[in-house]
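Colleague: Before I set anything up with this model, could you take me through what its coordinates say?

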Amino acid sequence: MKIVVVGSRGQVGHDLLRVLPPLGDIISLSRSELDLTQLAQITPVIQGYCPTVVINAAAYTAVDRAQTEHELANQINHLAAAQLASAAYGCGAAFIHLSTDYVFNGFKNTPYEETDPTNPLSIYGQTKLQGEVAVQQAHPQSVVVRTAWVYGTAPQSNNFIKTMLRLGTEQDLIKVVVDQIGSPTWSYDIAAIIYDLIPLILAGATGIYHCTSTGVASWFDVAMTIFDEAQSMGLLHHPPQILPIPTASYPRPAPRPAYSVLSTTKLSHLLQRPLPYWHHSVRKMLNQLLVTL
Ligand SMILES: NC(=O)c1ccc[n+]([C@@H]2O[C@H](COP(=O)([O-])OP(=O)(O)OC[C@H]3O[C@@H](n4cnc5c(N)ncnc54)[C@H](OP(=O)(O)O)[C@@H]3O)[C@@H](O)[C@H]2O)c1
């Protein structure tokens, strides 16, 4: 089997390259091999590999910057995603597309199902939603994998855990938002789930799946957990004090959903196994980070 991974230097892309090799030949396409702003290049590049599966892990993920770079975010998250799906469809390849909890507005207080109405609050969320819709139109058998609050060890990418660990060495007091609730999700877990999904997709599974860790947390909870774990692993000797603050005290250009927990029941049924618990995965990720330091 030939699997093309687009966006291979990102958090999820990086871990797909680590996890997928037992399935066959993995073709890694980072921005230098395929720049998604060059729409006309997408079909010849993808179809040139005659792939069995194409995975789109690339995205414009700068949530705040997207508020002022709407056109670029739209080009990568919407138009290029649709072109990738169309290219995969044209050569008979399965297509897996990553999307986000930010397609929801966060007004619920129970986990979002795949069938719940979408209503993104930000430009990033809007372009990701347009991408989902366009992907499914271009490739009717495509699979959209919505995830949330992603962190991982990819050297080029930044995330909340890496930021906290850096701030923890620079500051004695860190203020962290306590009223946004979600499910922190390790990119390695997403890659392992996609590994299990591929044979099921080749056997006919299609549609949208919510793919996050189980359990919920606020960013404050995540920060407390990171510093507790980091201290017990010897990654940090003098943990900072963490002060819980409301979102209103930390204004950012793009609004975030207050509650973006995704129900993973559908995916869990398909895989016939529970998904990892977020705290366990944070610990495993920190252990991997420890090895690379
Ligand atoms: N991060 C999160 O918290 C989060 C939450 C929910 C959903 N998601 C979704 O999960 C997926 C994976 O996210 P991630 O965290 O792995 O993202 P990431 O680490 O930001 O990686 C995104 C990748 O996309 C690539 N990319 C951006 N513009 C490109 C272009 N013009 N041409 C080619 N490649 C381009 C980047 O390339 P460079 O390395 O060259 O910049 C980067 O490697 C995305 O669909 C994202 O929307 C992420």
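Modeller: What follows is a short exchange on overall form, charge pairs and backbone angles.

This is a predicted model, in which local features need pLDDT of at least 70 and side-chain atom pairs count only at pLDDT 80 or more, while totals for chains, interfaces and linings use all residues. Residues are numbered from 1 along each chain as its sequence is written, and side-chain values use heavy atoms, with hydrogens and water left out.

Colleague: What radius of gyration does the protein chain have, set against that of a compact globule with 293 residues?

Modeller: The radius is taken over C-alpha atoms, and the globule rule is 2.2 Å times the number of residues to the power 0.38. For 293 residues that rule gives a value near 19 Å, and the protein chain agrees with it, having a radius of gyration of 19 Å.

Colleague: Is Arg-146 buried or exposed?

Modeller: Arg-146 forms a salt bridge (a side-chain nitrogen of Lys or Arg within 4 Å of a carboxyl oxygen of Asp or Glu) with Glu-132, the closest N and O atoms being 2.7 Å apart. The pair links distant parts of the chain, since Arg-146 is in strand 5 and Glu-132 in helix 4, 14 residues apart; helices (H or I, at least four residues) and strands (E, at least two) are DSSP runs, numbered from the N terminus. Burial means under 20% relative accessible area, exposed means over 50%, and partly exposed lies in between, with a 1.4 Å probe and protein chains only. Because its relative accessible area is 2%, Arg-146 is buried.

Colleague: Which residues are linked with Arg-256 in a network of salt bridges?

Modeller: Arg-256 forms a salt bridge with Asp-64, with 2.6 Å between the closest N and O atoms. That pair joins distant parts of the chain, 192 residues apart, with Arg-256 in the loop between strand 12 and helix 8 and Asp-64 in the loop between strand 3 and helix 3. Both Arg-256 and Asp-64 are buried. The residues linked with Arg-256 in the network are Asp-64 and Arg-252.

Colleague: Where does Gln-272 lie, and how does its exposure class follow from its relative accessible area?

Modeller: Gln-272 has a positive phi of about 60° although it is not a glycine. Gln-272 lies in the loop between helix 8 and helix 9. Because its relative accessible area is 72%, Gln-272 is classed as exposed.
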